[in-house]
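This report describes a predicted model. The sections below go through parts of the fold in turn.

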Amino acid sequence: MRSPAAPSWGSGHEARGQGSGFVRSALLLALMLASPLGASALASNCASPSGPSGVLTVVNKIRAQFKAQALVWNATLATRAQLHANKCLWEHSSIASRQWGEWDWDGENIYRTWGTAYPIDGHDACAYADIVWASQVSSYNFDQPNVPRHSGDTKHFSQLVWDWTQSVGCGYAVCPTMAGAPQAADFVVCQYHKSGNWLDFDMGYSWYKENVRRTDCMKATGDDWCSACSGTTCTACYPRGTFSGAASDPILLDARTGKARDWGVVGMLCVSKCDPKVTGCKGGCLVDNSTCVDSVVVPPPIVGGGGPVPTKVGRSCVNAPTASSGVLTLTNALRKRHNVAALTWNVTMAARAMEHAGKCVFANSAQSTRNNDAELIFRTVGVTYPKNNLDACGFATQDWYNEATSYNFASPGRSRDEGITRHFTQLVWKGTKQMGCGFAACSGMDFVVCQYDPPGNLAGATQYSTNVMRTACQTATRDDWCATCTAGTSPVCSTCISRATYAGGPVDKISLDATTKKCASKCPCGSASSANCALCTYSGACLRCNAGWAKNLAGQCLLRDCPKLYGTGCTGCTGIACTACASGFKLNLARTGCTRLSRRRLRSLPGQ
């Protein structure tokens, strides 16, 4: 998709990126093939790629910040990129020209400017393109890669820092004319082997989370807009993504500083203009675009010493953890379904969780502050508690558990529908032994933090298969959406798991079908079973067809239900007429159905 050109100081810039977006096979993932040359060697016009300000040096400095391996210069890619740049066409090169395996091809970012004098800060057009692509990080959502912040384009950034990528080659041309450019344009093409922006085997985004990582400063400050820091204090913010289609409001460093006793740094936050729905906020909003920085302003020191304290202090959950509706009781009831041991309450972990919740910053705490324990965070805005007889901690826990509707037990560790599942898997992780939670009410936002030890979600399918298991009801009913079931030798499902509210997956209601006693929901769009199907099971199989349709042998609703459409006796039909009748029936003149023949008439018909 083309980013809209945004002229600035008489110049214009545009960027396009093209990676993969398809699932590669397990075999091809292991291949380490070199890209075919496909053309005679042609030197890149990029200035000194490996020089101090060259495109290779710049990209590797950027990648180092995001914990990605350094790239090497690939002359083959550079030749292809230069050949495409020389065409002066504002479009990607063909995938066929970059393909090196059945389902593998090299990635490509393209960029153009006009009316711009290079070098800029010592960078030629190729290196400066890297800087522009990297600025898209301000829109990248590390928690939900499929939902960019502020609607910005982020695929150039994610390709730039994709850890699996091994090499890069770029080309550059000055184009006297180019469609869409009002004057001569500088055109940059960079190709990447192996390409980034891959969905995983379940069309989910787990590979994004493996390959596109937060920087140390992001982790230390809990601020995804922070580009530089001193310890846990942010000292600089990333700029807005240049010409990425995102908001153009600048990201600024909030000058209010101070340390709160026992709460760490509260000031020095990156802020920008809030979403229009946020009213009455004077200081701007944090990276989520909705949390007002006013809620974390450091007030004057308390009289009598002790230093400043945050206006919103974390505290324990409203309900006692071991109460009938407490967060520990609920967690252990949910874990019991999966036949894993109950957790114990750890007051130290709870104190840490309360401390972090009190900062009112919707981001995970630094791992170093929690001994690398796992941490789940949750927030709601405008929700009145108790809700469904649960306080905020219990409601968060139930919603985390409901991510089970997206979990793929058949492919451990994967999501079946792009919904987030890592909160659910941590909640029921067999190896986890203890937990602690905290809560804070933050100017209209209720913020829950829970920590778990030992942490779950360890890498590898075997880890998931041995720590995240089906419930007895799911196994007995062969229904992964089943929450509870009847007792006995032939149990049937009695209730279904609800959809998670904030997991980013499907939101269609899951309900129990009264006839089949199976949990069903709206069919996944584009699935083989979705056409003419009214309800699908957890696996995507069609449970019931829409009126007028019947299943074929493959379970797809592709056969017309002729008796339902045109009455008894109709055995063949189209969408507008009955075309054939059963023995003993005759097609009426209007072709709207079949008329039963009288017995006398039947005797007079040969062969009847």
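## Helix 9

Helix 9 spans residues 327–337, and its buried residues are Val327, Leu328, Leu330, Thr331, Asn332, Leu334 and Arg335. An α-helix has 3.6 residues a turn, so residues three or four places apart point the same way.

The buried residues of helix 9 pack against two helices and two strands: helix 11 (392–401), helix 12 (422–427), strand 14 (344–345) and strand 18 (434–442). After helix 9 comes asparagine 339, which has a positive phi, near 60 degrees.

## The sheet beside helix 9

Strand 14 and strand 18 both belong to an open sheet of 4 strands, in which the order is 14-18-19-15 and the pairing is mixed. The edges are taken by strand 14 and strand 15 (374–381); each has a single partner strand, so one side of each lacks a neighbour in the sheet.

Strand 15 pairs with strand 19 in the antiparallel sense, over 8 bridges. Within this sheet, phenylalanine 378 has valine 448 of strand 19 as its bridge partner.

## Disulfides

Searching the whole structure gives 16 disulfides. A disulfide is a covalent bond between the sulfur atoms of two cysteines. Three of the pairs are described here.

In the pair of cysteine 317 and cysteine 393, the sulfur atoms are 2.0 Å apart. The link of cysteine 317 and cysteine 393 is left-handed, with -90 degrees about the S-S bond. Cysteine 317 sits in the loop between strand 13 (270–271) and helix 9, while cysteine 393 sits in helix 11, so the pair ties together parts 76 residues apart in sequence. Cysteine 317 counts as buried because its relative accessibility is 7%, and cysteine 393 is buried at 1%.

Cysteine 437 and cysteine 450 are also joined, with 2.1 Å between their sulfur atoms. The value about the S-S bond is 110 degrees, and the link of cysteine 437 and cysteine 450 is right-handed. Cysteine 437 lies in strand 18 and cysteine 450 in strand 19 (residues 445–453), so this pair ties together parts that are 13 residues apart in sequence. Both cysteine 437 and cysteine 450 are buried. In the pair of cysteine 570 and cysteine 578, the sulfur atoms are 2.2 Å apart, and the link is right-handed with 120 degrees about the S-S bond. Cysteine 570 is buried at 2% relative accessibility, and cysteine 578 is buried with a relative accessible area of 0%.

## Nonpolar cores

The largest nonpolar core contains 37 residues, and those with the most contacts inside it are Phe66, Trp133, Phe142, Phe157, Leu160 and Val188. At least two residues of this core come from each of helix 2 (55–65), helix 5 (125–134), helix 6 (155–161), strand 6 (167–175), strand 7 (185–193) and helix 7 (206–211). Helix 5 supplies the largest share of this core, 7 residues.

Leaving aside residues up to four places away in sequence, phenylalanine 142 touches Phe66, Val137, Phe157, Lys209, Val212, Arg213, Arg214, Met218 and Asp224. A second, separate core has 33 residues, including Ala374, Met435, Tyr452 and Ile497.

## Serine 521

Serine 521 is placed in the loop between strand 23 (519–520) and strand 24 (533–536). Is serine 521 buried or exposed? Serine 521 counts as buried, because its relative accessibility of 1% falls under the 20% limit.

Two polar contacts involve the side chain of serine 521. One is with the side chain of arginine 499, at 3.4 Å; in the other, the side chain of serine 521 reaches the backbone oxygen of lysine 509 at 3.0 Å. Not counting residues up to four places away in sequence, serine 521 touches Trp481, Arg499, Asp508, Lys509, Ile510, Ala534, Leu535 and Cys536.

## The chain as a whole

The chain has 31 strands and 16 helices. Of its 608 residues, 50% are buried. Among contacts in the chain with a separation of 6 or more, 59% are between residues 24 or more positions apart.

The exposed area of the chain is about 27200 Å², of which carbon and sulfur atoms supply 56%.

Notes
Residues are numbered from 1 along each chain as its sequence is written. This is a predicted model: local features need pLDDT of at least 70, side-chain atom pairs count only at pLDDT 80 or more; totals for chains, interfaces and linings use all residues. Side-chain values use heavy atoms; hydrogens and water are left out. Buried means under 20% relative accessible area, exposed over 50%, partly exposed in between (1.4 Å probe, protein chains only). Contact means heavy atoms within 4.5 Å. A polar contact is a pair of N or O atoms within 3.5 Å; within protein, one must be able to donate a hydrogen and the other to accept it, and residues adjacent in sequence count only if both atoms are side-chain atoms. Accessible areas come from the Shrake-Rupley method with a 1.4 Å probe; for residues, only the protein chains shown count as cover. A nonpolar core is a set of buried Ala, Val, Leu, Ile, Met, Phe, Trp, Tyr and Cys residues joined through side-chain atoms within 4.5 Å. A disulfide is a pair of cysteine sulfur atoms within 2.5 Å. Two strands pair if DSSP finds at least two bridges between them.
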